[in-house]
Number of protein chains: 2
Amino acid sequence: METLPDKTVERLSQYRRSLNNQLAKGKEHIFSHEIANLLHITSVQVRRDIMLIGYSGTLRKGYDIKELVDLIGKILDTDEGQKIAVVGMGNIGKAFIHYLYEKRSKLKVVAAFDVNPEKIDKSYADVYCYHLDKLKDIIAKENIKIGIITTPPQVAPEISDKLVDAGIKGILNYTPKPLSVPEGVYLEEYDMITSLEKVAYFVKKK
Amino acid sequence: METLPDKTVERLSQYRRSLNNQLAKGKEHIFSHEIANLLHITSVQVRRDIMLIGYSGTLRKGYDIKELVDLIGKILDTDEGQKIAVVGMGNIGKAFIHYLYEKRSKLKVVAAFDVNPEKIDKSYADVYCYHLDKLKDIIAKENIKIGIITTPPQVAPEISDKLVDAGIKGILNYTPKPLSVPEGVYLEEYDMITSLEKVAYFVKKK
DNA sequence: AAAATATTGTTATTTTTTTAACAATAAGTT
DNA sequence: AACTTATTGTTAAAAAAATAACAATATTTT
Ligand SMILES: NC(=O)c1ccc[n+]([C@@H]2O[C@H](COP(=O)([O-])OP(=O)(O)OC[C@H]3O[C@@H](n4cnc5c(N)ncnc54)[C@H](O)[C@@H]3O)[C@@H](O)[C@H]2O)c1
Ligand SMILES: NC(=O)c1ccc[n+]([C@@H]2O[C@H](COP(=O)([O-])OP(=O)(O)OC[C@H]3O[C@@H](n4cnc5c(N)ncnc54)[C@H](O)[C@@H]3O)[C@@H](O)[C@H]2O)c1
C-alpha cells in the first residue's frame, strides 16, 4: 500500500484506541459519524481515512469494529512488534516507560540509557537502564529500531547522532532542541513549551 | 494584527528560543538562513513568517536579534503574563511544573489541583496543590485563563467542563481522551502514543 | 563606476489536508 | 412494489501550509 498521509496515520492510532473501547463495551459495528463523534472530527474525514486504508463497511450497518481494528493493526504494527529505547531516565523518560508498561501493545521499551550513576543498572517497570556507553551494543543486540530522547536539550544532538549511528530508524525527540537526521531516519519532534505558547497566543487573541 | 497561522505561531515560539540563545552568545544580527539552520527548516519559511509578523531586516545585515525577540514577545506574550492551572499532579503534571519553574517566562503555573489526599495542600516548585473542589474559586480569584489537563483520561471530559465553566479560555490536554469545548475556548491536544505509533509506522514502511 | 554577489520581501506555484458534494444502494416504510 | 431514508465511497472543491521564483537593492569586488 502507498504510504499514508501523516495526519491519517495519526488518526488511525486514535481510531484504534476508540474502537477498542467500543469493542470492550460489546459493540460490534459502528458508523462513520459515531467514530467522528468519539474523536470530535467529521464523518467525512473518517470515511476518507478508511477509504485510504482500503477497508469497506456495509451500507446501513457501518464498519465491523473487529475487522477495522485488525486492519489498523496490520498497518501500524509489525508482526514481531517494535522495540524502543529511551535515552534519559528523568521525569519524562520514566513517565513514558511506566505508561507503556501498562499497555499491552506491539511497542515495547526494552532498554533505557542514562549517564547518572544513580539511574544506571537499575530497572524501572521492567526496563533496565544502561550506561550511555552501552547504547550501540545493546541497540544492535536487541535490534532496536526506535529511540525516544528525553535528555537535557544540550546533549540531544549528540544522542541523536549516536542513535543513528547505532542503526535506529525512527526518533521521537522530546527536548526543545531541533535535531537533524539523515535521509532514511524518521524524526518526530514535540515541544511542550511550543504547545503552551500556542495556546497562550490564541487565548490572548480572543 | 491578523491572527497568525497556527504553524507560524509554533515557529515563532521556536525562533524566540533559538534567538535568545544567540543573544546570550553575544550575536546581534542574524540572517534568515542562519535561523533556518538552527531550526532545520528553510530560509524561505523563516522570511515568510517574519514578513507575516510585519518585521523587516536590513539587506546584507539580516535581522536585529534583540528587536525580533522583542517583537515576538509582543505577539506571544501579554504584558502582565498569563496564569496557568495544572489539573492532575502525577508524573506529567509535576514534570511540567518543575520545568516551567526553571524558566523565567511570562507563563506561570499558579495553581495545581488533584483529588488524591497525598497530593493536596502541598507545594511543588512553589505551586500549591488544591483539592479539585476549589477549582472554580481559585481560577476566578487568580484570574487564570489557561488549564493543562494531566489527569487519567477517563476524568478528562469532566475536568474540561469544569475548567470551561470556571472561565478558562485555553486548554492543553495531555490525556489521550479527545475533548470538545465550546466556541471561544482554544483547545490543543497532544497524545504521546499517537506520536510514537506514527514513528513506528514510518519506520515500518522504510 | 560598473559588475557581481548576497540577501530581503513578496508574489506565485505546488503540495497537503480538510471539507463538500453527490451518486449508489441497502434497508426500512408505506 | 414503490418510495423514503440512511449511509457509504469517491470525486471535486476549498483551505492551509510549504516551497519556489524572482525583483529589488545594499554591499563588495573588480
Ligand atoms: N519536564 C517537562 O515538563 C518538560 C517540558 C518541556 C520540555 N522538557 C524537555 O524534556 C527533556 C527531559 O525533561 P525531564 O524533565 O525528563 O528532564 P530530567 O532532567 O528529569 O531528565 C533528564 C535525564 O537525562 C539524563 N542525562 C543527562 N545527560 C545525559 C546523556 N548525555 N545521556 C543520557 N542521559 C543523560 C539525566 O541524568 C536525567 O536522568 C528535557 O530536554 C526538557 O527540556 C521537559
Ligand atoms: N506518563 C506518560 O508517559 C504518558 C504518556 C502518554 C499519555 N499519558 C497520559 O497523560 C495523563 C497523565 O499521565 P501521568 O503519567 O502523569 O498520570 P499519573 O497517574 O501519574 O497522574 C494522574 C494524576 O491525576 C490525579 N487525578 C485523578 N483523578 C483526578 C481528578 N478527578 N481530578 C484531578 N486530579 C485527578 C491523580 O491523583 C494523579 O495525581 C494520563 O491521561 C495518561 O494517559 C501519559
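The questions and answers below go through a predicted model, its ligand 2 site and its two DNA strands. Residues are numbered from 1 along each chain as its sequence is written, with chains lettered from A and ligands numbered from 1 in the order in which they are written. Local features need pLDDT of at least 70 and side-chain atom pairs count only at pLDDT 80 or more, while totals for chains, interfaces and linings use all residues; side-chain values use heavy atoms, leaving out hydrogens and water.

Reader: Which chains surround ligand 2?

Author: A residue is near a molecule or strand if one of its heavy atoms lies within 4 Å of it. By that rule 24 residues surround ligand 2, with Tyr99(A), Asn91(B), Ile92(B), Asp114(B) and Thr151(B) the closest. The site is shared between chains because its residues come from chains A and B.

Reader: How far is the polar side-chain atom of Asp114(B) from an oxygen atom of ligand 2?

Author: A polar contact is a pair of N or O atoms within 3.5 Å; within protein, one must be able to donate a hydrogen and the other to accept it, and residues adjacent in sequence count only if both atoms are side-chain atoms. For Phe96(A), a backbone N or O atom lies 3.1 Å from an oxygen atom of ligand 2. For Tyr99(A), a polar side-chain atom lies 3.4 Å from an oxygen atom of the ligand. For Asp114(B), the distance from a polar side-chain atom to an oxygen atom of ligand 2 is 2.5 Å.

Reader: Which element gives the largest share of the shell around ligand 2?

Author: Helices (H or I, at least four residues) and strands (E, at least two) are DSSP runs, numbered from the N terminus. Residues 91–102 form α5 in chain A and α5 in chain B, and each of these supplies at least two residues of the shell. The largest share, three residues, comes from α5(A).

Reader: How many residues of the shell around ligand 2 are charged?

Author: Ala, Val, Leu, Ile, Met, Phe, Trp, Tyr, Cys and Pro count as nonpolar, Asp, Glu, Lys and Arg as charged, and the others, Gly among them, as polar. The shell around ligand 2 has 15 nonpolar and seven polar residues, and its charged residues number two.

Reader: Which residue of chain B has a side chain 2.9 Å from a base nitrogen of DNA strand C?

Author: DNA strand C is surrounded by 21 residues, Ser32(B) and Arg60(B) being among the closest. Sugar and phosphate make up 59% of the strand's atoms that come within 4 Å of the protein. In chain A, an N or O atom in the side chain of Arg48(A) is 3.2 Å from a base oxygen of strand C. The base nitrogen of DNA strand C is 2.9 Å from a side-chain N or O atom of Arg47(B).

Reader: Which residue of chain B has a polar side-chain atom 2.9 Å from a phosphate oxygen of DNA strand D?

Author: Strand D has 21 residues around it, including Ser32(A) and Arg60(A) among the closest. In chain A, a side-chain N or O atom of Arg47(A) is 2.9 Å from a base nitrogen of DNA strand D, and one of Tyr63(A) is 2.9 Å from a phosphate oxygen. In chain B, the polar side-chain atom 2.9 Å from a phosphate oxygen of strand D belongs to Arg11(B).

Reader: How far apart are the C-alpha centres of domain 1 and domain 2 of chain A?

Author: Domain bounds come from an automatic or database domain assignment. For chain A that assignment gives domain 1 as 6–75 and domain 2 as 82–194. Their C-alpha centres are separated by 31 Å.
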